Amino acid sequence: MAILSRRIGFLLFVIFLSPSISSLSFSPADEYLVNCGSYVDSTVDNRRFVSDASSKVKFFSSEGSVSLQGEDLAPNVPQIYRTARVFARQAKYEFNVHDKGTYMVRLHFNRLTSSKIDLSDADFHVTVNGHVVLRNFNGNGDDSSSKVREFLIWVDVREVVVRFVPSKDSKLAFVNAIEVISAPKDLIADVATTVSRDGTGKLSGLAKQAMEVVYRINVGGRKVTPFNDTLWRTWLPDDDLFKTVDGSSHKAYFTGRIKYKPGGASREVGPDNVYNTARVGNVMSWDFPVSTGYKYLIRMHFCDIASKSLGMLYFNVYINGNLAYQDFDISDSTGYVLASPYYIDFVVDLTADSKSSSIIVSVGPSNKTSVGVDAMLNGVEIMKMNNSMGSLDGFVSTDMILSSCPNRRNLSIFIALMALLCIFMSFYIVVQRKKVRDDFSWTQLPMDVRQDNLKSGNQFAARKP
């Protein structure tokens, strides 16, 4: 009887946990993890990166590319950053995909030191499905976070093509690892709220925009590594970006269960480790330096882990000093459930206002704020949107990039063809000269003349007319 009771209890435990277990695991329809320049597969954060030199799967096409092994690397450097694929001319990786939709494309860079190839000569452009994502890039990051450049690309052609183009004939291109992963359908909403001096509005069509993740911040919490994120993302602490007026803010931590609900944020939108920490205070701001000339999607993550009861938390949201959301009632947004996550998307346009080189996100008390928590924030993501040229790095198009950067393979072929043409012309001239000499040369008389022919000749000479 005791054994039966334990079995029933175990089954009930499994049934109770099954929704959480299923939500923790995300299985993308397409997932490519490539270890570039390596002859063996590598495992990082329990994820297997396949060698791009594998005979079974051919991802890239570039004659003359080389595999580079780094030298004098620290023991703790991940395996995917120990090798690189180096290109002296245009090259591309092609990935076949099953579904159309948004794809996460992550490019990993670590400018290796090697006695064989000097990667200080690296200077190149990168395009993904016709979008310029990097221009005049040298792969030299200032810190560890800059080794990964992440993009969200809308794909409707059943393939993802990542192209590397050296900026000049004397320059090189390289990459250490590539990730191409189909994103969850709810990752990018198609509509967001625009914020400007003139007020707020609506902008649609976001899902088909190309974007670059510029910031992904865990407010009030520690760094979240890909191992602890359902989509293998990295969330950085907000300490260097956070600003407060009166110093009254504090960090909040939650040890209970985060309650994901339909209509709110899913675990794919944001992991538990983002929603179980927050900053709580009166007036709080975060200053994000950005490049001008683009629109930016700002996603703010909320989860009320600080209130003791429902209906007590109201606050205002500001973007660059402009009111973005007045009297935000997080209880109403989450269906009156505490510790339930929710997010709001805003869009700001920095193409018109070139004077602003930063995005300032702020939360503060509203007129409905009562005694207790004034305002709170759990996470922030800022994504650059492609400009009118389809570019995420400068006012250039893919066609302009490809036309301005000659392909060395085409140049080599042209030189070879010219050399063959010269050889053919030289041979033709020699033949023609020989033919001319043969046509105008004197024909020699035969030396073996018979005797009777000589006598006949004498008879003709002795005749008289």
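**Exercise 1.** In this predicted model, find the distance at which the side chains of D239 and K251 meet, and decide what kind of contact they form.

*Solution.* Start with the atoms: the N to O distance between the two side chains is 3.5 Å. A salt bridge needs a side-chain nitrogen of Lys or Arg within 4 Å of a carboxyl oxygen of Asp or Glu, so D239 and K251 form a salt bridge. Next, place the partners. D239 sits in the loop between β18 (236-237) and β19 (242-244), while K251 belongs to strand β20 (residues 250-253), so the pair ties together parts twelve residues apart in sequence. Finally, check the surroundings. D239 has 43% relative accessibility and counts as partly exposed; K251, at 32%, is partly exposed as well.

**Exercise 2.** Work out whether K384 and E212 are buried or exposed, and where each one lies in the chain.

*Solution.* Begin with the cut-off: buried means under 20% relative accessible area. K384 has 9%, so K384 is buried. E212 has 5%, so E212 is buried too. These two form a salt bridge, with their closest N and O atoms 3.8 Å apart. Now look at the strands: K384 is in β29 (residues 379-385) and E212 in β17 (residues 211-218), 172 residues apart, and the pair links distant parts of the chain.

**Exercise 3.** Trace the salt bridge between R47 and E179 and find the network to which both residues belong.

*Solution.* The two side chains meet at 2.8 Å, N to O. R47 lies in strand β3 (residues 47-51) and E179 in strand β14 (residues 177-182), 132 residues apart. Both R47 and E179 are buried. Stepping outward, salt bridges link them into a network with E31, R106, E150, R216 and E381. Across the whole structure, a search finds 17 salt bridges.

**Exercise 4.** D304 is buried: which residues surround it, and how far away is the nearest side chain of opposite charge?

*Solution.* First, locate D304: the loop between β23 (295-303) and β24 (314-319). Then look for a charged partner. The nearest side chain of opposite charge, K308, is 10 Å away, and D304 has no salt bridge. Now try polar partners: the side chains of D304 and S307 share a polar contact of 2.8 Å. Last, list the neighbours. Leaving out residues up to four places away in sequence, D304 touches L313, I330, L338, A339 and M376.

Terms used:
Residues numbered from 1 in each chain as written. Predicted model: local features only at pLDDT ≥ 70, side-chain atom pairs only at ≥ 80, totals over all residues. Heavy atoms only, no water. Helix = DSSP H or I, 4+ residues; strand = E, 2+ residues; numbered from the N terminus. Buried < 20%, exposed > 50% of the residue type's maximum accessible area, 1.4 Å probe, protein only. Lys, Arg positive; Asp, Glu negative; His and termini not counted. Polar contact = N/O pair within 3.5 Å; in protein donor to acceptor, adjacent residues only side chain to side chain. Contact = heavy atoms within 4.5 Å.
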